[in-house]
Amino acid sequence: MEQKPSRRVFLSVAAAGAGGLLLTGAGLAPARALRRDPFALGIASGDPSRDGFVLWTRLAPDPLGSQGRGGMPDRDVDVEWQLATDERFSKVVRTGTETARWERAHSVHVELDGLEPGREYFYRFRAEGHLSPAGRTRTAPVTLPSAGSPLTLAVAACAHYEHGYYTAYRRLTEQDPDLVVHLGDYMYEYAPKGYTALGGSVRRHTEGKCATLADYRARHAQYKSDADLQAAHAVAPWLVAFDDHEIENNWAGDVSSTDEPGFTRRRANAFQAYYENMPLRRASVPNGASMRIHRRVDWGPLARFHLLDTRQFRDDQACEDGLRSGCDERLATRRTLLGEDQRRWLLDGLAASGARWNLVAQQVLMAQRDYKVGPGTEVNMDSWDGYAAERTRLLTGFRDSGAANPVVLTGDMHMHHAADLRLDFDDPDSPRVAVELVTSSIASDGDGYRDEARMTEAIAENPHISYIDQRRGYIVCRVTPEELHADFRTLEYISRRGAPAKTGARFTVPAGRSALT
């Protein structure tokens, strides 16, 4: 097993464009070379398997220019790529050329296989005389890790660009993860100041609410231009799944939350731009207003990731959405959040899994959360509380599947949560069937805070929840065959740059126990 290069060495090499040039094949010398660096959106990799992964970039010398085209001409461009086993590219193992097509916003998805399992690789691109930064990625292992080599997994979500700087992405990068799981709200569709944080905005969105393909492309480009986000993509492969804001706030299946006409077209535009800007495999290429984002990714015998789609197949939110008391509609047995086919796909995958850990990556809070202190109940209709009967069926399926160590990874809440998942949340003696780890936001809602009194009340009202924290942050999990350690990382501010990250809470999930300690 090769040692990892130090993060300092890797990041300095990446920042310098990895030093040196790719070999240019016959006929690739550009007759109309781009004047400006087309790699302003960075590079990324994703969806690792035992013998491959996806490499991504998108050419955009002027990220916010040309009607979402990023300043690129209306012609295809050949992009060379290079893969090496060392950060200085002295040991190149693969090269090739992909065509960045103008109708796909000059995005490039290189889907590789046939590589060695369980090792690091380094990659970069070249287009018309310009060399990209270097990125680090890895293939999944085929054996269980040794005690001193856990899977280091970062979990992130919810990064409203206007609400703060992406310092949390930078601190996540410094954790040197093997894999990053992003659970949605990677970008937000609102017009400037369309959704304001308590402390106001520190940056400004591109003009207008996203609706057209050009709108979504330009918004993705604005987010991708951030140096801290680019560093997080360059350090490790990502697993991504959208939530609502990549399209529209709280959309549900075919239903727009704003009831504006043309939602099917808008959804198709958003899906195309999402694929163009993410390191996804060909299986996720959109078909109009449909896109397959639920999938499984295996990390050897240690972990199986089940990524879910909690938007495309759900029924509309009950009782007109929001926080509601006394909403009987949410309890109806026919209501679904996943859709029958996806729920069966998940439960079949759990039943067939031989992995030591089964990590269910999804978007909205699965644990019951009562927001009303004292008698009565008030719950969020957009979360699993709005689909309570299906949640009971799903958790019963977790138990009956025999899958080892299910852990649910969740975003959306803009607050850290750690919870035990029970078959009956109102019965403290009900069996625990899984653990849920909910990450706070990278930036959404601006500077966080720690209201101890309020959180004490919330936990007393919801005794299956062990921890809540309103500060910004992310989660770092270290997974071994024996246990999963989860560090809830927090930042005191993001309204200015440079905040340190610290561990707000640490939990251990012992294998075989489905409980937080």
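A salt bridge here is a side-chain nitrogen of Lys or Arg within 4 Å of a carboxyl oxygen of Asp or Glu. Arg506 and Asp487 fit that description, with their side chains meeting at 2.6 Å, N to O. Arg506 belongs to strand β23 (residues 501–510) and Asp487 to strand β22 (residues 483–491), so this pair ties together parts of the chain that are 19 residues apart in sequence. The two partners sit in rather unlike surroundings: Arg506 is exposed, at 56% relative accessible area, whereas Asp487 is buried, at 8%. The model is a predicted one, and everything below should be read with that in mind.

Salt bridges turn up elsewhere too, and a search of the whole structure comes back with 38 of them. Take Arg136 and Asp176, whose closest N and O atoms are 2.3 Å apart. This pair links distant parts of the chain, 40 residues apart: Arg136 is in strand β8 (residues 135–138), while Asp176 is in the loop between α2 (167–174) and β10 (179–182). Arg136 has a relative accessible area of just 1%, and since buried means under 20%, Arg136 counts as buried.

Glu248 and Arg266 make another such pair, with their side chains meeting at 2.9 Å, N to O. Glu248 comes from the loop between β11 (238–240) and α5 (263–276), and Arg266 from helix α5, so the bridge ties together parts that are 18 residues apart in sequence. Glu248 is buried, with a relative accessible area of 2%, and Arg266 is buried as well, at 7%. Not every bridge stands alone, either: Arg450, Glu452, Asp469, Arg471, Glu492 and Lys502 are linked in a network of salt bridges.

Next come two helices. The axes of α2 and helix α4 (residues 227–235) come within 8 Å and cross at roughly 25°. Angles under 35 degrees count as roughly parallel, and α2 and α4 are therefore roughly parallel to each other. As for handedness, α2 passes α4 in a left-handed crossing. On the α2 side, the residues that meet the other helix are Thr167, Tyr169, Arg170, Leu172 and Thr173. Their counterparts in α4 are Ala227, Asp228, Leu229, Ala231, Ala232 and Val235.

Two loop residues round things out. His106 is found in the loop between β4 (92–100) and β5 (107–112). With 0% relative accessibility, His106 counts as buried. A polar atom of the His106 side chain lies 2.6 Å from the backbone oxygen of Arg75. Setting aside residues up to four places away in sequence, His106 touches a whole set of others: Thr57, Arg58, Leu59, Met72, Pro73, Arg75, Val77, Ala100 and Arg101. Arg75 thus shows up both in that list of contacts and as the owner of the backbone oxygen just mentioned.

Asp321 also sits in a loop, this one between β13 (303–307) and β14 (323–324). At 15% relative accessibility, Asp321 counts as buried. Apart from neighbours within four places in sequence, Asp321 is in contact with Asn250, Met381 and Asp382. Ser383 is 62 residues away from Asp321 in sequence, yet the two are 9.7 Å apart in space, C-alpha to C-alpha.

Notes:
Residues are numbered from 1 along each chain as its sequence is written. This is a predicted model: local features need pLDDT of at least 70, side-chain atom pairs count only at pLDDT 80 or more; totals for chains, interfaces and linings use all residues. Side-chain values use heavy atoms; hydrogens and water are left out. Helices (H or I, at least four residues) and strands (E, at least two) are DSSP runs, numbered from the N terminus. Buried means under 20% relative accessible area, exposed over 50%, partly exposed in between (1.4 Å probe, protein chains only). A polar contact is a pair of N or O atoms within 3.5 Å; within protein, one must be able to donate a hydrogen and the other to accept it, and residues adjacent in sequence count only if both atoms are side-chain atoms. Contact means heavy atoms within 4.5 Å. Axes are lines fitted to C-alpha atoms, for helices over the stretch in contact, and angles run from 0 to 180 degrees between N-to-C directions. Angles under 35 degrees count as roughly parallel, over 145 as roughly antiparallel, 65 to 115 as roughly perpendicular and the rest as oblique. A crossing is left-handed if the near helix is turned anticlockwise from the far one by less than a right angle, and right-handed if clockwise.
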